[in-house]
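Reader: Please guide me through the reading of this model, one feature at a time.

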Amino acid sequence: MGRWRNQERHGWIERFAIISYLICLLTGTLFAEVLSGKIHEKLIKTIQDELDRQYRSAQMTEELFPGATVAVVLPDGKVMAFATGFSDMEKKTVMSVESRMPAGSIGKTFVSAVVLSMVSEGIFNLDENITKWLGDEPWFNRLPNHHMITLRHLLNHSSGLADHLFDANREFQDYFREHINSGNKGPRIDPTELVQFVLDREPLFPAGEGFHYSDTNYILVGLIIEKAGRLSYYEELTNRFLTPLNLTHTSALTQKKLLDIAQGYAPKSQKLFGTSYTVLDNGTFTFDPSIEWTGGGVVSNSKDLVRWAKALFEGEVIKQPYLDEMLKSVSKPTKGRDIAGRAYGYGLGVSIVKTKYGTAFRHGGFFPGYNSMLAYFPDFKIAVAMQINSDNTKIEEHFEAIVKLIIGTISSGCIDDTCP
């Protein structure tokens, strides 16, 4: 009898603990919802103040920081956007939260998402050899590792291919300079021209046995998308994601003249590629921006980028198990794993990174005259984006300062001016 009473009492204790936990969970959720409005108001002021402080501090150094935009999307889907500095220093045009900039390699998240969407429809198999789609190209047998490479290898940079941008002994830089010096009067750049810079080279390693970041991988992915489908890559991107998600400020980087583009300042690219210091002349690019193609290839603003990240990494864009493929297909993981079992490293079009704030899914973007950063923090269900209209700036430091402020405020529930 005593044993039965102990068991009964133990059962009641367990039930009480469960009920208490559910009450705490519910009230905690309601408390967070009550605070969300106040935190939102607090963030509006503190993020703008911090962004302005970062801008002012940079003006007292040799860093080139003309202006910037920042956006954050909160767990409830609210988007906040901020701007500082100038979109055009010569014309004294103030940077706007609507200002658009090329997003550089952040575009790889879009490319990978298109592929995984097509995988979900049975159009692709990530582990089939790319001979199926590119084998009839006259240059294919000259591609290093061509008999071994799969679509997965291209997407996670484990193909063993060199990068045409920076590994081709300045051949690409000279090609780009010649293109610029010609006044861009020739035909538009054919993506297959970019592949030529890696042909007939020794592979860096057998496919699947290493990691080397290479834009060439994503140029090949773009060619495969267009071989497998009936539409161009940009048509696939628009139909699958840009239109359904109403990403109206994001578009193909294919035209020299685009609307609402901030002037880009390009001291680094001027040295590397011979671009002009300012990359726009009366709103028109001084070179063919389509040279990036599926290595990046989109122009956007910070607001659209955070909305994209939240939709992508919360499963609205790609359903399971395909989102797991994106996040768990890390090549040669050597940096440990997070509590969800995800390896740190480069997945399919996204870096899985260990940070002070838990795991982050992120990508940076460089384009002549511009730098961008985008990160999603699954533990907080927020995304943060930053764009600066300079290609020679300390964007990592500025981005970290903004992220620290946002997550610190959200996690502490800090809502008044006495908060640290």
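Author: We begin with a helix resting on strands; both are DSSP runs numbered from the N terminus (helices H or I, at least four residues; strands E, at least two). Helix α12 (residues 395-412) lies across β1 (67-73), β11 (358-367), β12 (370-377) and β13 (382-388), and runs at about 150 degrees to β13. Axes are lines fitted to C-alpha atoms, for helices over the stretch in contact (heavy atoms within 4.5 Å), and angles run from 0 to 180 degrees between N-to-C directions. The model is predicted: local features need pLDDT of at least 70, side-chain atom pairs count only at pLDDT 80 or more, and totals for chains, interfaces and linings use all residues. Residues are numbered from 1 along each chain as its sequence is written, and side-chain values use heavy atoms, with hydrogens and water left out.

Reader: In what order do the eight strands form the open sheet?

Author: Two strands pair if DSSP finds at least two bridges between them. Here the order is β3-β2-β1-β13-β12-β11-β10-β9, with antiparallel pairing. The edge strands, β3 (93-94) and β9 (345-346), each pair on one side only.

Reader: Why are the buried residues of α8 on the same side?

Author: An α-helix has 3.6 residues a turn, so residues three or four places apart point the same way. Buried means under 20% relative accessible area, exposed over 50%, partly exposed in between (1.4 Å probe, protein chains only). In α8, Y233, Y234, E236, L237, R240, F241 and L242 are buried. They cover an arc of only 155 degrees around the axis, taken from the directions from the helix axis to the C-beta atoms, which puts them on the same side of α8.
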